[in-house]
Amino acid sequence: AQLWPLLTKEEQSQYQRASQHQSNPPQLASRALLRCLLARYLNINAENVHITRGEHGKPMLLDFPQLQWSLSHTKNDIVFAINTGKRIGVDLENARNIDDYLLLAERSYSKAEYQYLLSLADEQQKSAFIQLWVIKEAFVKAVGFGLS
């Protein structure tokens with residue numbers, strides 16, 4: 001109840017739609033807590049933290065462009081990173097069973113990354129695939145582009 005007013009109307013609608021499909025959608029907590037953290041950092045009220053989107057959809061603070069942040073969440077965990085002046089990106093992934101990770105790597109990774117995975121022992125490939133995925137996600141969050 002305390003976090004709800006910190007969300008925009010659009011975020012509240014997204015949360016309500018997600019609640020129909022998930023028992024514990026993390027968006028409510030992550031976005032509201034982000035506003036609380038940014039507010040403490042800027043010494044303002046959380047209600048006054050207005051997040052907008054940049055050219056490629058990267059979230060930003062229009063009034064405080066020097067403040068960079070990134071967040072990532074899974075069903076049960078949230079990670080935040082805040083920095084001034086330098087781009088920053090984080091990613092958090094649950095360990096999950098991905099049977100076709102080599103096919104996904106072939107389609108999504110560079111040739112060098114894919115060849116690197118193939119050069120590893122079979123028991124190391126899946127872990128390396130996930131590590132590369134997390135690194136790529138964090139990088140694209142930092143620079144503000146999508147995985148495309």
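**Exercise 1.** In this predicted model, classify the residues that line the largest cavity as nonpolar, polar or charged.

*Solution.* The lining of the largest cavity comprises four nonpolar, one polar and two charged residues. To assign them, list the lining: Glu93, Asn94, Arg96, Ile98, Phe129, Ile130 and Trp133. Ile and the aromatic residues Phe and Trp count as nonpolar, Glu and Arg as charged, and Asn as polar. The volume enclosed is about 50 Å³.

**Exercise 2.** Determine how many cavities of 30 Å³ or more the whole structure holds, and describe the second largest.

*Solution.* The search returns two such cavities. The second largest contains about 40 Å³ of space. Its lining is formed by Leu42, Ile44, Asn48, Val49, His50, Leu61, Leu62, Asp63 and Phe64. By class, six of these residues are nonpolar, two polar and one charged.

**Exercise 3.** Check whether the length of helix H5 agrees with its number of residues.

*Solution.* Helix H5 covers residues 122–143, that is, 22 residues. The expected span is 1.5 Å times one less than the number of residues, which gives 32 Å for H5. The end C-alpha atoms of H5 are 32 Å apart, so the two values agree. After the helix comes Gly144, with a positive phi near 90°.

**Exercise 4.** Identify the buried residues of H5 and the helices against which they pack.

*Solution.* Taking buried as under 20% relative accessible area, the buried residues of H5 are Gln125, Ala128, Phe129, Leu132, Trp133, Glu137, Ala138, Val140 and Ala142. These buried residues pack against helix H3 (101–108) and helix H4 (111–119). Phe129 and Trp133, both buried in H5, also belong to the lining of the largest cavity.

Conventions
Residues are numbered from 1 along each chain as its sequence is written. This is a predicted model: local features need pLDDT of at least 70, side-chain atom pairs count only at pLDDT 80 or more; totals for chains, interfaces and linings use all residues. Side-chain values use heavy atoms; hydrogens and water are left out. Helices (H or I, at least four residues) and strands (E, at least two) are DSSP runs, numbered from the N terminus. Buried means under 20% relative accessible area, exposed over 50%, partly exposed in between (1.4 Å probe, protein chains only). Contact means heavy atoms within 4.5 Å. On a 1 Å grid over the protein atoms alone, a cavity is a set of points where a 1.4 Å probe fits but cannot get out, and a pocket is an open set with protein on both sides within 12 Å along at least five of seven lines; lining residues have an atom within 4 Å of a point. Grid points are joined across faces, edges and corners, and a volume is the space filled by probe spheres set on the points.
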